[in-house]
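I opened my notebook to look through one protein chain from the outside in. Here is what I looked up, entry by entry.

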Amino acid sequence: MAISLAQVKDTILDFFFPPFCVSCRQNGEWICADCLSKRRQESTWQCLVCDQTQDRHAICPACQHKQPLKGIFISGHFDEVMQRTVHAFKYQSSSVLAKPLAHILADHLMSDPAFAALDRALTVLVPVPLHKSKQHLRGYNQSELLAKALLPLLPGLTVANAITRTRATASQMELDRHDRLQNMKAAFALVPTVDLKEKTVILIDDVATTGSTLFECAKALQPASPKTIWAAVLAHG
Ligand SMILES: [Zn+2]
Ligand SMILES: [Zn+2]
């Protein structure tokens with residue numbers, strides 16, 4: 001069996017920086033099987049638009065026409081394991097987490113009939129962008145790393161950085177739903193050179209709370225005339 005350069009690099013990295021679970025600290029894996037097994041699976045989510053109904057993709061049929069997103073693939077709750085892992089991924093330079101997190105998201109996507117029905121050759125992953133200043137500070141965009149780590153797991157898909165963040169926005173963390181929407185208004189712009197016509201687009205982000213970031217990103221994508229716009233996130237909460 002031929003050993004790829006990526007495998008050699010992984011082996012060397014594992015030797016110098018042996019993996020340990022970022023949630024419970026036991027050695028062996030970046031996210032251990034014990035912590036993964038603690039994650040609660042959910043088959044439906046409250047609609048992010050009307051709050052009233054439950055839907056597998058967090059946007060009920062009645063609300064699909066009120067905004068540009070068809071639905072959101074959500075792999076689980078923003079529980080303790082995910083909070084610790086995503087925090088390390090975003091704020092502690094733990095870009096190695098892109099791979100195990102992509103595995104979690106890919107497993108969820110493959111189990112969803114709506115994703116299975118997509119023609120992957122016509123499906124493009126679009127990472128939610130960071131503002132240039134923030135990306136410079138962090139060194140990477142976690143959503144872009146996640147999207148790229150999905151490619152070998154879901155062959156056929158492509159990644160396009162199709163939107164940019166036009167202004168720096170305040171952190172959403174302290175804001176209520178109304179202020180989150182206002183904060184994100186017109187914060188994104190389409191990259192005119194990217195061809196998304198008649199394609200299925202899946203916006204990729206780490207966590208969705210009110211969905212305001214995803215709704216605004218989807219709005220920015222609309223002038224490119226994609227066939228459908230989905231989103232996929234690791235967690236809701
Ligand atoms: Zn663990
Ligand atoms: Zn609804």
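**Entry 1: domains**

I started with the domain assignment, which splits the protein chain into domain 1 (1-38) and domain 2 (42-236); such bounds come from an automatic or database assignment. A note to self: this is a predicted model, where local features need pLDDT of at least 70, side-chain atom pairs count only at pLDDT 80 or more, and totals for chains, interfaces and linings use all residues. Residues are numbered from 1 along each chain as its sequence is written, while chains are lettered from A and ligands numbered from 1 in the order in which they are written.

I looked up the domain centres, taken over C-alpha atoms, and they are 25 Å apart. Then I checked contacts (C-beta atoms, placed from the backbone, within 7 Å). Six residues of domain 1 are in contact with eight of domain 2. On the domain 1 side, I found four nonpolar residues, one polar and one charged. For this split, Ala, Val, Leu, Ile, Met, Phe, Trp, Tyr, Cys and Pro are nonpolar, Asp, Glu, Lys and Arg are charged, and the others, Gly among them, are polar.

**Entry 2: the whole chain**

I read off nine helices and nine strands. These are DSSP runs numbered from the N terminus: H or I over at least four residues for helices, E over at least two for strands. The C-alpha trace spans about 50 × 40 × 35 Å along its principal axes. I also looked at burial: 37% of the 237 residues are buried. Buried means 20 or more other C-beta atoms within 10 Å of the residue's own, exposed means 12 or fewer, and partly exposed is in between, with C-beta atoms placed from the backbone.

**Entry 3: the sheet**

Next I traced an open sheet of five strands, in the order β3-β9-β8-β4-β5, with parallel pairing; two strands pair if DSSP finds at least two bridges between them. Its edge strands are β3 and β5 (158-159), each pairing on one side only. Helix α3 (residues 80-91) packs on this sheet, touching β8 and β9, and its direction makes about 105 degrees with that of β8. I found helix α7 (residues 142-150) lying across β4, β5 and β8, at about 125 degrees to β8. The axes here are lines fitted to C-alpha atoms, for helices over the stretch in contact, and angles run from 0 to 180 degrees between N-to-C directions.

I zoomed in on β3 (residues 71-74), which pairs with β9 (residues 228-236) in the parallel sense over four bridges. Phe73 sits opposite Ala232 in β9. Which way do the residues of β3 point? Gly71 and Phe73 go one way, Ile72 and Ile74 the other, and all are buried. My textbook reminder: side chains in a regular strand alternate between the two faces of the sheet.

**Entry 4: two residues**

I picked Arg84, in helix α3. Is Arg84 buried or partly exposed? It counts as partly exposed, because it has 17 C-beta neighbours inside 10 Å. Leaving aside neighbours within four places in sequence, Arg84 is in contact with Val22 and Ser23.

Then I went to Leu48, in the loop between β1 (45-46) and β2 (54-55). Leu48 counts as buried because it has 26 C-beta neighbours inside 10 Å. Its C-alpha atom is 6.3 Å from that of Thr210, although the two are 162 residues apart along the chain.

Technical notes:
Two residues are in contact if their C-beta atoms, placed from the backbone, lie within 7 Å.
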